[in-house]
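Got your viewer open? Let's take a walk through the charged pairs, one selection at a time.

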Amino acid sequence: MGDFAPELNDEQRTVRDWIHGFAADVMRPAAAEWDEREEFPWPVVREAARIGLYSLDFYAQQFFDPTGLGVPLTLEELFWGDAGLGLAIAGTGLAAISVFTNGTDEQIGTWVPQMYGDANDVKIAAFCSSEPDAGSDVSAMRTRARYDEAKDEWVLNGTKTWATNGGIADVHVVVAVVDPELGARGHASFVVPPGTPGLAQGQKFKKHGIRASHTAEVVLQDVRVPGHCLLGGKERLDERLGRARERARGGAERGANAAMATFEASRPAVGAQAVGIARAAYEVALDYAKTRVQFGRPIIDNQGVAFQLADMRTRIDAARLLVWRASWMAGAGKPFTSAEGSMSKLFAGETAKAVTAQAMQILGGNGYTREYPVERMHRDAAIYTIFEGTSEIQRLVIARALSGMPIR
Ligand SMILES: Cc1cc2nc3c(=O)[nH]c(=O)nc-3n(C[C@H](O)[C@H](O)[C@H](O)COP(=O)(O)OP(=O)(O)OC[C@H]3O[C@@H](n4cnc5c(N)ncnc54)[C@H](O)[C@@H]3O)c2cc1C
């Protein structure tokens with residue numbers, strides 16, 4: 001592992017250009033239609049699978065890129081294409097990361113291929129942590145997992161909400177409480193295999209943006225999964241719970257858990273998505289400002305417009321550097337001692353929201369219509385200060401990491 005060098009090698013450039021081609025030729029022309037239809041865009045995901053872009057092989061290749069930049073490069077280009085379609089393609093990745101971070105080698109080998117399927121039989125996966133009363137406060141989770149020792153099965157009961165691909169996924173990963181006494185440390189993640197009775201989709205949400213991505217409640221009623229579906233295995237869980245009980249007795253702070261490990265690993269990736277949206281809107285605004293004439297000159301001739309574009313581009317580049325730093329650290333196995341993953345997600349998310357709003361302003365009346373893509377980009381960007389930990393929660397995580405204090 002080398003030092004952090006924000007310069008791409010030949011292979012990375014080739015991959016980036018290949019994804020860019022798909023984003024420009026397949027995603028961009030389809031974006032408005034799927035935004036209006038507000039349905040999961042199977043034909044686009046199947047096309048991505050056909051060319052090998054939506055596949056376990058490609059995902060694993062990017063995930064294990066030793067520079068750490070494979071995933072952010074891929075996601076920035078896809079989300080430059082379109083965020084709703086991008087999330088339809090990338091949504092499975094969150095469930096896959098949860099298996100990579102919490103599962104045994106055997107579980108990774110069994111479940112991750114089933115999350116993607118193959119080009120002839122495309123599959124998708126969902127990661128279900130959030131609940132109606134447990135959003136930012138993961139410790140308020142109520143979904144229970146009880147172990148039926150006689151049958152070596154876990155029985156899941158509860159209601160999950162906001163699950164990307166929830167209910168339409170082939171494989172669901174569900175975070176549930178195994179020991180309510182331990183708060184967030186008493187949680188574990190379970191794979192619910194395809195077709196398991198008792199798991200059903202609840203309400204499907206109608207959203208402000210990323211409307212091609214499916215978001216729904218997932219209801220679990222006496223869902224029985226085999227013992228081997230507990231990610232990490234029973235032995236590891238019992239050890240972890242034993243340590244947590246010791247700490248609880250000693251009054252130590254409650255810390256990370258299964259869901260948090262997933263979110264920590266995925267934050268820079270989510271930041272990269274936000275960078276892609278921001279860059280797309282900035283490019284539209286730059287082109288428009290050069291060609292739109294008012295008062296006898298292109299509007300970019302006014303500092304009031306040109307300086308906005310200068311700020312937009314500066315923020316986007318800064319966001320990308322934070323994302324790449326965090327991704328490089330994760331790839332190099334360096335711990336986020338100053339919550340660098342959260343920093344990247346916070347800054348990139350806020351950048352996407354601000355830059356897409358500025359882009360709309362630069363396009364004037366046109367920016368406000370669906371004839372131009374920036375209003376969609378602005379709606380899409382708004383989720384980036386909310387999901388995977390709101391901006392407030394990222395600030396909390398960063399402030400706690402910096403101060404060592406239990407800031408509330
Ligand atoms: C489109 C979409 C897709 C999603 N996909 C998934 C998914 O695939 N899987 C999944 O598990 N979840 C998913 N989520 C859930 C998402 O992660 C949550 O919505 C998010 O964590 C916020 O939780 P909440 O909505 O309950 O808001 P709340 O936690 O109720 O927060 C409401 C407001 O209060 C603020 N707040 C809360 N606590 C504090 C505090 N201590 N200090 C300061 N401010 C605070 C928040 O920042 C926010 O502004 C998705 C959500 C959406 C909308």
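A salt bridge here is a side-chain nitrogen of Lys or Arg within 4 Å of a carboxyl oxygen of Asp or Glu. Keep in mind that you're looking at a predicted model. The structure holds 26 salt bridges, and we'll stop at a few of them.

Start by selecting Asp35, Glu36, Glu38, Arg211, Arg370, Glu375 and Arg379: salt bridges link these residues in a network.

Now zoom in on Asp35 and Arg379. Their side chains meet in a salt bridge, 2.8 Å from N to O. Asp35 sits in helix α1 (residues 10-37) and Arg379 in helix α12 (residues 374-381), so this pair ties together parts that are 344 residues apart in sequence. Are the two residues buried or exposed? Both Asp35 and Arg379 are buried; for Arg379 the relative accessibility is 9%.

Stay on Arg379 and add Glu375. These two also form a salt bridge, with the closest N and O atoms 2.9 Å apart. Both residues belong to helix α12, and being four residues apart there, they are separated by about one helical turn. Glu375 counts as buried too, at 11% relative accessibility.

Last stop: jump to helix α9 (residues 303-331) and pick out Asp317 and Arg320, which are three residues apart, or about one helical turn. Their side chains meet in a salt bridge at 3.2 Å, N to O. Switch on a surface and look at each partner: Asp317 is partly exposed, with a relative accessible area of 27%, whereas Arg320 counts as buried at 18%. The cut-off for buried is under 20%, so Arg320 falls on the buried side.

Note on methods. Residues numbered from 1 in each chain as written. Predicted model: local features only at pLDDT ≥ 70, side-chain atom pairs only at ≥ 80, totals over all residues. Heavy atoms only, no water. Helix = DSSP H or I, 4+ residues; strand = E, 2+ residues; numbered from the N terminus. Buried < 20%, exposed > 50% of the residue type's maximum accessible area, 1.4 Å probe, protein only.
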